Every structure is written in structure tokens, then in C-alpha cells.
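Here are my notes for anyone opening this one for the first time. Have a look at the model, then go through the points in order.

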Amino acid sequence: MSETTGASYAAAGVDIEAGDRAVELMKEWVKKTRRPEVLGGLGGFAGLFDASALKRYERPLLASATDGVGTKVDLARQMGVYDTIGHDLVGMVVDDLVVCGAEPLFMTDYICVGKVHPERVAAIVKGIAEGCVLAGCALVGGETAEHPGLLGPDDFDVAGAGTGVVEADHLLGPERIRTGDAVIAMASSGLHSNGYSLVRHVVFDRAGWALDREVAEFGRTLGEELLEPTKIYSLDCLALTRTTEVHGFSHVTGGGLANNLARVIPDGLHARVDRSTWTPGAVFDLVGKAGQVEQLELEKTLNMGVGMIAIVPAESVDVALTTLADRGVDSWVAGEITERGAHTSGAELVGGYAR
């Protein structure tokens, strides 16, 4: 009579010991994000944040945002580079929070893998932690889930959620924006984390390029350019709110510059952005030419070189530009707020790009 072996979690493809090792490896990185308000350490069922710190606010408003990185994670997988994708995740979350003027307080992450490779998971968390340090927020916890059978052994995805706080009287939004306000653009670091389904289709399916292809316009390989981390603007934006009057921000993500800017423009007003005030980076030109993508299609998919917008009164422009320059942020006046005409929308790009 043959003996049968009973089913087990390990036999089903879930390695609990590998998960435990991943947690141990990531602890040192999470510790670097610690803020004074954080209680306890990594490993509990919930992260704790001392809300008594909010007593200094007259009327604290909590802001919440959640996001992922999209198909950019597949490039990280193909290249075997896992410690930068976390910057992208943090940027996508905290820079949504700061649009309303909120200071990011803490984040949690969710990492889903086909198989837990402890060093790989720790590298992902390292990137998230480094991003949190750049954003000034704490990483208070997260979850690593192993999904054998649903994901391949090397497949993974990441998502995160963040919480911030803003004084009610300092809340930014459409109601603050006025005719004559200036539109200040802040340069992106590249594609950031949006439009990669289009980019991957163009460079792989249509152009047939490999990630290790050297591209003279980039001064590096295609893969290195495509994996360039998202720039995180939260502390730069908060610095602006402390040094001068700010009426609004717009985080340029999926949908492009005009569509995201229109989200913060009130009825009756119009944001006119002049393309001639900047030259998009080489990666945008390459995607357009390699895929024969029309300019308007590019602009509604990619950031075209602008990752964040600040809307400030005309008299605040000089201080705003100086503040950003002092912080190493490339910025410029890209347009203005005007009355909305009968045939204009919330925001539009006009003219041609500088060459």
C-alpha cells in the first residue's frame, strides 16, 4: 500500500520562512524612514502613528491617496533592478497628497510576488524607504503576499497608500486660483511611472529594441532610461507654501499635463500653457518617432517633461522660482490663468516646443 504525503502550504508554493527572512532584511531600511510620531517597529499587525502630534493644528484635515507603478514593474523585472521602483511608488502617492497642500505623514505598501525571493523583496522595500525619506514621510508597515500559480516565480507588483495632513485654512484647491496667476512648471526626471503600456508597445513591439541597446540621445541604455525613477516633489512643494503664496498644485501623471492641470482649474477660468517655454527630453521624442505617435496622443499619455505644476500669484513668481532653484528643481513660468472663453477648456497647450 503506497503512502501519500499530505498537502502543505510549502507544497502549494508558499514559503513562510522566505517571507520571514524578507521581513528581517527590510527592517533596516524601514527604520530609516522613522518619524518621531511612529510607535513600535515593523512586524506588528498595524502601523501606529501618534495622532496627538496633530494637536498643533487648529482644524487638521487628513488626506489619503493610493496608487501603483503600472507596467514599469515589468521593466524592473526584466533588468533585475529592484531598488528603484519604490521611488516611483512613493512619488505617485505622496505627490498626489501634496496637491492639496498636505504634508505626507506615513505610507504603507503592498508587494505581491509569484515567489518570495527575500533579497529581491528587501531591495524593493529599500527603494520604497528611500523614497519615503525623500518625501519626509514614514513607512509604517506593509504586506508581502506570495501568489504561486497566479504569478510567475519572478513576477511582482507593488502598490501603496499614504496619509497626509493639512490645516483647513491652508487647503489648496480650485477656489484659490485667480485670473492672472502664473503657471510654474517643474521638470520631470523622465517618463516617471505613466504611459508605459504605450512606451513598451512602441520600443519593443514596433521598434524591436532591446533593453540593453545603447541610445546616443540618452547617453545610456534604453533600459536605464526607461527605469529612471520618478522625481518626488512633496518637500519642494511644501517649501513653496512656506516661502510664498501658492494657489494650487497639479501632479502630472496619467492623462498628461493638460488633463491633470484642468482638474484644479475652477469653472470660468482657463490655464494656457506655452509649449515654447521648454524642450521635452529625448525619450519623449524617441517614443513619438519610433511609434509614429501623434503629438496630441503623446501629450495625453506622457508628462512631456513636466512632472508637477505650481499655480502662484504673479507677484510670487520670483520667490517661487528662487526657492525651487535653491532646492535643485529645474522650473520655469510656462503659462498663465485667464478667463475661460466660449471655446476653451480648463487647460490647453499652445504653440510649439522649443528645439
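**Notes on the model**

1. Let's start with helix α5: its buried residues pack against α2 (72–79), α6 (222–226) and α9, contact meaning heavy atoms within 4.5 Å. Helices here are DSSP runs (H or I, at least four residues), strands are E runs of at least two, and both are numbered from the N terminus. This is a predicted model, where local features need pLDDT of at least 70 and side-chain atom pairs count only at pLDDT 80 or more, while totals for chains, interfaces and linings use all residues. Residues are numbered from 1 along each chain as its sequence is written, and side-chain values use heavy atoms, with hydrogens and water left out.

2. Which residues of α5 are buried? In this helix (residues 196–206) they are Y196, L198, V199, V202 and V203, with buried meaning under 20% relative accessible area, exposed over 50% and partly exposed in between (1.4 Å probe, protein chains only). Looking down the axis of α5, those buried residues fall within an arc of 165°, so they line one face of the helix; the arc is that of the directions from the helix axis to the C-beta atoms. As background, an α-helix has 3.6 residues a turn, so residues three or four places apart point the same way. After α5 comes G208, with a positive phi near 70°.

3. V202 is a good residue to click on in α5. Its relative accessible area is 1%, so V202 is buried. Setting aside neighbours within four places in sequence, V202 is in contact with A207, V287, A290, G291 and V293. By contrast, V202 and R275 are 24 Å apart in space, C-alpha to C-alpha, with their positions 73 residues apart in sequence.

4. Now for the rings: the whole structure has four aromatic pairs. Rings of Phe, Tyr and Trp (its six-membered ring) pair if their centres lie within 6.5 Å; planes under 30 degrees apart count as stacked, over 60 as edge-to-face and the rest as tilted. One of the pairs is W278 with W332, tilted, at 5.9 Å centre to centre and 40° between the planes. W278 sits in the loop between β11 (269–274) and α9 (282–290) and W332 in strand β13 (residues 331–339), so this pair ties together parts that are 54 residues apart in sequence. W278 and W332 are both buried, and with Y353 they form one aromatic cluster.

5. What sits over the ring of Y353? The charged end of R275 does, 5.8 Å from the ring centre. R213 likewise lies over the face of W209, at 3.9 Å from the ring centre. A charge sits over a ring if NZ of Lys or CZ of Arg is within 6 Å of the ring centre and within 35 degrees of the ring normal.

6. Where does H192 lie? It is in the loop between β7 (182–187) and α5, and at 1% relative accessibility H192 counts as buried. H192 isn't a glycine, yet its phi is positive, about 60°. M304, in the loop between α10 (295–299) and β12 (306–312), also has a positive phi of about 60° without being a glycine. M304 is buried too, at 6% relative accessibility.

7. D88, in helix α3 (residues 85–97), has a relative accessible area of 0% and is buried. Not counting residues up to four places away in sequence, D88 touches V69, K72, H192, S193, E228, P229 and T230.

8. Finally, empty space. The structure holds one cavity of 30 Å³ or more, and L191, H192, N194, V252, T253, T301, L302 and N303 line the largest cavity. On a 1 Å grid over the protein atoms alone, a cavity is a set of points where a 1.4 Å probe fits but cannot get out, and a pocket is an open set with protein on both sides within 12 Å along at least five of seven lines; lining residues have an atom within 4 Å of a point. Grid points are joined across faces, edges and corners, and a volume is the space filled by probe spheres set on the points. T253 is in the loop between β10 (248–251) and α8 (256–262) and is buried, with a relative accessible area of 12%.
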